[in-house]
Structure formats: C-alpha cells, structure tokens
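Me: I am new to this structure and would like a close look at a single part of it. Please start there and then connect that part with its surroundings, taking the time you need.

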Amino acid sequence: MSRARSRSEADWVADAVADLLMRVPVWVGPTVAAVVYLAFRFVVPPLVGLVGKPFGPELAGLSRTLSPLVGVIALGLWVYAEIKRRGRRWILDSRSDIASLRDLTWQEFEQLVGEAYRRRGYVVTETGGGGADGGVDLVLRMAGETTLVQCKHWKTWTVGVRVVRELYGVMAAEKAARGIVVTCGYFTQEAQAFAAGKPLELVDGPALWELVKTVKTPGTPGLVPSGQ
C-alpha cells in the first residue's frame, strides 16, 4: 500500500512551523503569539501609515483589524505543535518492551524513531516516506551533518539487502553523510555484509529497544529503577 500523501502547500507550511516550535521551549509559542498580535496592533499601523494616501490609512486599519486573527493563528500553530510534541513523547514513553514497539502503527513507529533521535540531540524532519523522496522517512541533522533514516515496521520481520542498498543510493543522490535503517525485526546476513564499512547503521529490534530505553523519561514503563 502506497503511503504517499497528497498535501497542500498550507499543510507543509503548517507542519514546518510546528516542527520548528517543537524544538523550542513551551513558553516560546504563547510569547511569539502575543508579540505577533501586539506588532500587528500597535507597531505595523504607524509604519504603514507613513506610506500616505491613498493606501496608508487603509493598510493601518487593516493591520489593526487583523491583529486578533493573526494572533490566534500564531497561537493555534503553537497548540498544534504542542499536541504533536506531547503525542510523540507519549508514544515513546509508553513503550514497555520490544513487543510494545511492534504494536505501533507504521505512522507511530516513525514518530517513535524520530522522537528517540530528537532526544539524542538531532533536529528531526518527518518526511512521511514512501513517496518521491525514495522511501526516506526521517531526516536527521546535527552539526552540519545530514543523516537519512528509513523505518521498516513489524510487518517486515526480516529486512534484506535491497532496502539497505536503495537507501545507500538515496544517500549518494542527496549527498547525505550517513544512513540508518530501523526495524523491529532483524537484518539478513547479506544486508549486514553490504552495510559493513559504509556510513550505514542497521538498527534491529533489540538495538532499537536499547535506544528507546536510553532516552525514555525516568519512571516510565520498561525502565528498571536505579539501584536495582
């Protein structure tokens, strides 16, 4: 089943802004919304008023009229980002073992992997995968280095060399420094042999669960309390 999705430019812009807001402290969103409202209400009108007739006064009045709407839109984007942030945190922190990773839908699986790497300090872009991007589900960025990630969910119990080879080809085309294939299952010996000596990392089910455990919030399911 194809996972390619038809999305409008507005969808992409909203998601891009939401992803940006997900990377900043919670208080930034409401603060930005307040600043945007105040700017449109009190700062922009005098500036556009300097244009003079016939458009200056009309633009100033329009800015004052739209200021509540613009503020609400900015606040709405923050709420959307916060919902995304909390949802991804819950998906990861509620996992208790490898079996619970396999209970996720493919969308949740990609979100979990993205959240795990986000907690490792990466800036994560969720591409949706399965479309014209060559099957890349996540793009990780850190210190000027780009890493492409492909997620293979539980329905693919054994990942063969074809998947790894295809990602390696996309890496070359996109000039990415590294590539990672993540699965709840295992990789064939042929896939492991192909990845050996290349900037490719194969993360199987046990390795993924170890990664999740290292970034889970203390006190959540699946973690052994310290001192035990």
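Reply: Arg178 is partly exposed, with a relative accessible area of 22%, where buried means under 20%, exposed over 50% and partly exposed in between, computed with a 1.4 Å probe on protein chains only. This is a predicted model, in which local features need pLDDT of at least 70 and side-chain atom pairs count only at pLDDT 80 or more, while totals for chains, interfaces and linings use all residues. Residues are numbered from 1 along each chain as its sequence is written, and side-chain values use heavy atoms, leaving out hydrogens and water.

The partner of Arg178 is Glu201, with which Arg178 forms a salt bridge whose closest N and O atoms are 2.9 Å apart; the term stands for a side-chain nitrogen of Lys or Arg within 4 Å of a carboxyl oxygen of Asp or Glu. This pair links distant parts of the chain, since Glu201 lies in strand S7 (residues 200–203) and Arg178 in strand S5, 23 residues apart. Helices (H or I, at least four residues) and strands (E, at least two) are DSSP runs, numbered from the N terminus. Glu201 is also partly exposed, at a relative accessible area of 34%.

Just ahead of strand S5 is Lys175, which is placed in the loop between helix H6 (161–174) and strand S5 (178–183). Lys175 has a relative accessible area of 72% and therefore counts as exposed, and the phi of this residue, which is not a glycine, is positive, near 55 degrees. Most residues other than glycine have a negative phi. Ala143 is another non-glycine residue with a positive phi, about 50 degrees, and it is found in the loop between strand S2 (138–142) and strand S3 (145–152). Ala143 is exposed as well, with a relative accessibility of 83%.

The pair of Arg178 and Glu201 can be set beside other charged pairs, for the protein has a count of 10 salt bridges. In one of them, the side chains of Arg88 and Glu126 meet at 2.8 Å, N to O. That pair, too, links distant parts of the chain, with Arg88 in helix H3 and Glu126 in strand S1 (residues 123–126), 38 residues apart. Arg88 is buried at 8% relative accessibility, whereas Glu126 is partly exposed at 22%. Arg88 and Glu126 belong to a network of salt bridges that also links Asp93, Glu115, Arg118 and Arg119.

A shorter separation along the chain is found in helix H3, where Glu82 and Arg86 form a salt bridge of 3.1 Å, N to O. These two residues are 4 residues apart in the helix, so about one helical turn separates them. Glu82 is buried at 7% relative accessibility, while Arg86 is exposed with a relative accessible area of 56%.

Helix H3 also packs against other helices. The axes of H3 and helix H5 (residues 106–119) come within 9 Å and cross at roughly 95 degrees, the axes being lines fitted to C-alpha atoms over the stretch in contact, with angles from 0 to 180 degrees between N-to-C directions. H3 is therefore roughly perpendicular to H5, given that 65 to 115 degrees counts as roughly perpendicular, under 35 as roughly parallel, over 145 as roughly antiparallel and the rest as oblique. Among the residues that make this contact (heavy atoms within 4.5 Å) are Arg88 and Asp93 of H3, and Glu115, Arg118 and Arg119 of H5, and these five residues are part of the salt-bridge network described above.

Helix H2 (residues 28–49) and H3 have axes that come within 8 Å and cross at roughly 175 degrees. H2 is therefore roughly antiparallel to H3. Residues that meet here include Tyr37, Phe40 and Val44 in H2, and Leu59, Ala74 and Trp78 in H3.

For the protein as a whole, there are 8 helices and 7 strands, and of its 228 residues 37% count as buried. Residues 24 or more positions apart account for 59% of the contacts with a separation of 6 or more.
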